[in-house]
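Me: Hi! I have a structure open on my screen and would like to talk it through. Could you help me read it?

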Amino acid sequence: MRLVGRLLAALPVVESGWWFGHRLSPRYGVGTRCPAGLGSRRAEIRRRRHAPRTVAMLRGGRGLRVVACLSVLLVVAGTTATSGAKYIRGTRNPSNTFAAGSLRLINSRDATFVLSTGALRPGQSSTGTLTLTDQGDFAGAFTITNAGISDTPVSPSLSAALTLMIEDITGTAQTLWTGTMSTFSSLALAQFSAGQVRTYRFTVTFPQASAVPGLQAAASVMTLRFVGVAK
Amino acid sequence: MYKRLAVMKGKQRASLLLAALVLIAAAAVGSSGAVFTAHSANPANVFTAGNLSHVNSKANAAILTASKMKPLDTATGSVTITNDGDIPGTFSLSTSNLTNTPGGNGGLLSAVLLVKVVDGTTTVYDGPINAVGTVPLGTFAPAAVHTYAFTVTFPDGGTPGSDTTGDNAYKSSSMAIEFDWTEVQ
């Protein structure tokens, strides 16, 4: 009996997470010392040495630890069962990038006059040119629009007497529009490819036939607006 | 009787004790009621954990990209998701890592782009690219293959009111987004 008792007393206190051949998985958060709170291994051996050398008592001590560990295992099992743990697998497709381009029109005479005629007399003409450049990322369709005419005096109006001719002189001169200045509304220009440059000539003429005394010292201001739409 | 036992010598007493033990053992066997027995076994009960897995045909790569977009432009791309596991999986699509780089007019491109995701003939999402959330895709059986077609559209907001408002607000802006596929058993 004493021999058996000593053998049992010499059994190592269970300190690892191994129980019944199964290791407790660390991901469940179980520590590696079991059972906790029963003292160190040395203290346990000392306790056993001073305890009565009976198999029943020694086995009772081990049984307590077994019960404690089983309790922990049951708690772990319960936690696992209620944690909703599942298999999960994910894949990703990163860096889906989208970038907007830019349509940019460069007007060589932006915010200033294309032509200005001072003391224009009947039968005279005045010309001015401007260059449009599509500096955007796309082809663009550009339009010249009459953004407003201001006549002084309002009547008779000089804009109703002057004629306007718009030409594309990038290559061979091509007349795009001609008529009385006051009737100009808008003109669709040729489609620009990205980076393309085109030059336009504007000619204003004071026809002899339109000259009336009331237009002496008359003035007319016309604002042209260039609008581009990406194509 | 007791006197007789007492006068027996040690060897005789031991023989008598042995004989008594044999008799007791024989009696125990005789009263055990042993009859015919039979047994059977079911060996090799094997348990194997299932494997939850899927293949993304463009894993860790973009499904679609687009540059120099303008209103009414679209970009398309597709990705194939295959359940190569041996158990069914419940799939979902979500987005993450959304970033914006505004252009000179300050508009955030993700605020205007739309994305449509179609599985065969079924549209699983159609809406703003910045509001995908988590889209349930259903449960795929092992070996099931689903190809998702993505279309990103820059909608036409009409003629801008000025050079910096309307669609012009998004000129030269860019964005990036990640599409995430999650399979759960």
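Me: Let's start with strands. How many bridges join β6 of chain A to β11(A)?

Reply: Twelve bridges join strand β6 (residues 140-152) of chain A to β11(A), and the two run antiparallel. Strands here are DSSP runs (E, at least two residues), numbered from the N terminus, and two strands pair if DSSP finds at least two bridges between them. Within this pairing, A:I149 has A:M222 of β11(A) as its bridge partner.

Me: Before we go on, what sort of model is this, and how do the numbers work?

Reply: This is a predicted model, where local features need pLDDT of at least 70, side-chain atom pairs count only at pLDDT 80 or more, and totals for chains, interfaces and linings use all residues. Residues are numbered from 1 along each chain as its sequence is written, chains are lettered from A and ligands numbered from 1 in the order in which they are written, and side-chain values use heavy atoms, with hydrogens and water left out.

Me: Thanks! Which sheet holds β6 and β11 of chain A?

Reply: They belong to an open sheet of three strands in chain A, with the order β9-β6-β11 and antiparallel pairing. β9 (186-188) and β11 (219-230) of chain A are at the edges with a single partner strand each, so one side of each has no neighbour in the sheet.

Me: Where is the hairpin in chain A?

Reply: β7(A) and β8(A) form a hairpin, with five residues between them. Six bridges join β7 (residues 163-168) to β8 (residues 174-180) of chain A in the antiparallel sense. One pair to look at is A:T163, which stands opposite A:T180 in β8(A).

Me: Switching chains, what is the strand order in the open sheet of chain B?

Reply: The order is β1-β3-β8-β5-β6 in chain B, five strands with antiparallel pairing. At the edges are β1 (55-56) and β6 (122-128) of chain B, each with a single partner strand, so one side of each is left without a neighbour in the sheet. β1(B) is joined to β3(B) by two bridges, and B:N56 has B:I81 of β3(B) as its bridge partner.

Me: Now the interface. How many residues does the contact take from chain B and chain A?

Reply: Chain B gives 45 residues and chain A gives 23, with contact meaning heavy atoms within 4.5 Å. The area buried between the two chains is about 2700 Å², and carbon and sulfur atoms give 50% of that. Buried area is the accessible area (1.4 Å probe) that two parts lose on being put together, summed over both.

Me: Which strand of chain A pairs with β9(B)?

Reply: Strand β3 (residues 88-100) of chain A pairs with β9(B) in the antiparallel sense over ten bridges. There, A:R92 stands opposite B:D180 in β9(B).

Me: And which side chains meet in a salt bridge across the interface?

Reply: A:R92 and B:E178 do, at 2.9 Å, N to O. The rule (a side-chain nitrogen of Lys or Arg within 4 Å of a carboxyl oxygen of Asp or Glu) finds one salt bridge across the interface of chain B and chain A. β2 (66-69), β3 (74-82) and β9 (174-184) of chain B each supply at least two residues of the side of chain B that touches chain A. β9(B) gives the most, with eleven residues.

Me: How many salt bridges does the structure hold over all chains?

Reply: Four over all chains. As for the pair above, B:E178 lies in strand β9 of chain B and A:R92 in strand β3 of chain A, so the pair joins two chains.

How values were computed. Helix = DSSP H or I, 4+ residues; strand = E, 2+ residues; numbered from the N terminus.
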